[in-house]
Amino acid sequence: MPVKNRFAELQNEITEWRRDIHENPEILFETHRTSALVAEKLQEFGCDEIVTGIGRTGVVGVIKGKSDTAGKVIGLRADMDALPIHEATGLEYASKTDGAMHACGHDGHTAMLLGAAKYLSETRNFDGTVVVIFQPAEEGGGGGKEMCDDGMMERWNIQEVYGMHNWPGRPVGSFAIRPGAFFAATDTFDITLEGRGGHAAKPHDTVDTTVMAAQTVLALQTIASRNADPVDQVVVSVTSFETSSKAFNVIPQTVQIKGTVRTMSKEMRDLAETRIKEICNGIAATFGGTADINYMRGYPVMVNTEEQTEFAAKVARDVSGSCDDAPLVMGGEDFAYMLEERPGAYILVGNGDTAMVHHPEYNFDDNAIPAGCSWWAEIVEQRMPAA
Ligand SMILES: [Zn+2]
Ligand SMILES: [Zn+2]
């Protein structure tokens, strides 16, 4: 069973929606135009219920099947937000907003889920209910979490959730997935080390914070090399190191260190946080200074559940002939919050040989639309076969 014919017919229309969204990117929760467009389209398709304002600017649409004997409800989720990047594609439908760009392909995700919603509203060839979820603020804002916090799962009795992301470097329309931990937990830290500043020619009268901070940066690397089990994944990257004085002859009073931590399990995440605190406090004490540590937890590990992943891979094989094993991704994904609340799966769909996501020359490939839409539709029709 290849892609559905209906999506080959709809491809031009869906491409138009995608390019319109691409031309009008909106960042984080500011997806007002996009959300309004989504709600308007869902209305046009004849969805049974459309609710805006879930998770601030999120939109939810409900589509009922021909029958509902088993009471099943499946959630399909797309993200709508763009990035604060200046677009450099030179496309005729390039961003009209300076400093905002759909550089992660969420324009494609939104358009594909709209395409699936149109088809599912036309055909209704399933037994149960589909909830299409359009979330804002995937790029660091936690829009998915806010939709969950607004009680979305309970309100519509959603039992399973599915998500998709385009992936540059994979053949267009091909699929890849993995069960279990898939995308990393993304935490950040902001540490201020304090010694006693003074004259650079009289180090014995100071507590040299720069030396303390340098030791700290090196010691933080031992979390991955000495504390973590070598078969587990952890990244600790110091990305900013700033002394309070920029002079040649001053030993600074404070040094601020910032960075990020990526982990693939709750245990490793806890270990990294604990060791960062121990290392910073321990080294500061050794040198006679202090450490003020702010460890900020971001998105949790995104975990695909076994059964739903197997099913999602089978559907992908039906649509495009094969489904590859995806590698671990050390980036984060806000869909993790939805997968914490309900079983489900997140799949990658190939975007071809393009610039990587978050690059100013990236663009979503509209040729992925028939495969992406077909996967959504088949998830529904196979998981909730018409009675
Ligand atoms: Zn992104
Ligand atoms: Zn993305």
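**Exercise 1. Work out where the UniProt "binding site" residues sit relative to one another in this predicted model.**

Start with the record: the unreviewed UniProt entry lists Cys 104, His 106, Glu 139, His 165 and His 358 under "binding site". Next, compare sequence with space. These residues span 255 residues in sequence, but no two of their C-alpha atoms are more than 13.1 Å apart, so they gather at one spot.

**Exercise 2. Take two of those histidines, His 106 and His 165, and decide whether each is buried or exposed.**

Find their elements before anything else. His 106 belongs to helix 3, which covers residues 106-123, while His 165 is part of strand 5, residues 160-167.

Now count neighbours. The cut-off for buried is 20 or more other C-beta atoms within 10 Å. His 106 has 30 C-beta neighbours inside 10 Å, so His 106 is buried. For His 165 the count is 23, so His 165 is buried as well.

One more step for His 106: who touches it? Skipping neighbours within four places in sequence, the contacts of His 106 are Asp 79, Met 80, Asp 81, Ala 82 and Glu 138.

**Exercise 3. Split the chain into domains and describe how they meet.**

Domain 1 comes in two stretches, 5-183 and 301-383, and domain 2 runs over 185-296. Their centres, taken over C-alpha atoms, are 39 Å apart. At the contact, domain 1 puts in 5 residues and domain 2 puts in 8. Look at the domain 1 side by class: you get 4 nonpolar residues, 1 polar and no charged ones.

**Exercise 4. Locate the largest nonpolar core and say which domains supply it.**

Size comes first: this core holds 99 residues, and Leu 113, Ala 116, Ala 316 and Ile 347 have the most contacts inside it. Then check the domains. Both domain 1 and domain 2 give residues to the core, so it lies between them.

For a closer look, pick Ala 316. Leaving out residues up to four places away in sequence, Ala 316 touches Phe 175, Ile 177, Cys 323, Ile 347 and Trp 375. Apart from the largest core there's another one, of 8 residues, including Ala 82, Ala 100, Cys 104 and Tyr 362. You've met two of those names already: Cys 104 is in the UniProt list, and Ala 82 is a contact of His 106.

**Exercise 5. Sum up the whole chain in a few numbers.**

Count the elements: 11 helices and 16 strands. Then burial: 49% of the 387 residues count as buried. Finally, the extent: the C-alpha atoms fill a box of roughly 80 × 45 × 35 Å along the principal axes.

Notes: Residues numbered from 1 in each chain as written. Chains lettered and ligands numbered in written order. Predicted model: local features only at pLDDT ≥ 70, side-chain atom pairs only at ≥ 80, totals over all residues. UniProt positions renumbered as here; feature names shortened; annotations may be inferred. Helix = DSSP H or I, 4+ residues; strand = E, 2+ residues; numbered from the N terminus. Buried ≥ 20, exposed ≤ 12 C-beta atoms within 10 Å, placed from the backbone. Contact = placed C-beta atoms within 7 Å. Domains from an automatic or database assignment. Nonpolar A, V, L, I, M, F, W, Y, C, P; charged D, E, K, R; others polar. Core = buried A, V, L, I, M, F, W, Y, C linked by C-beta atoms within 7 Å.
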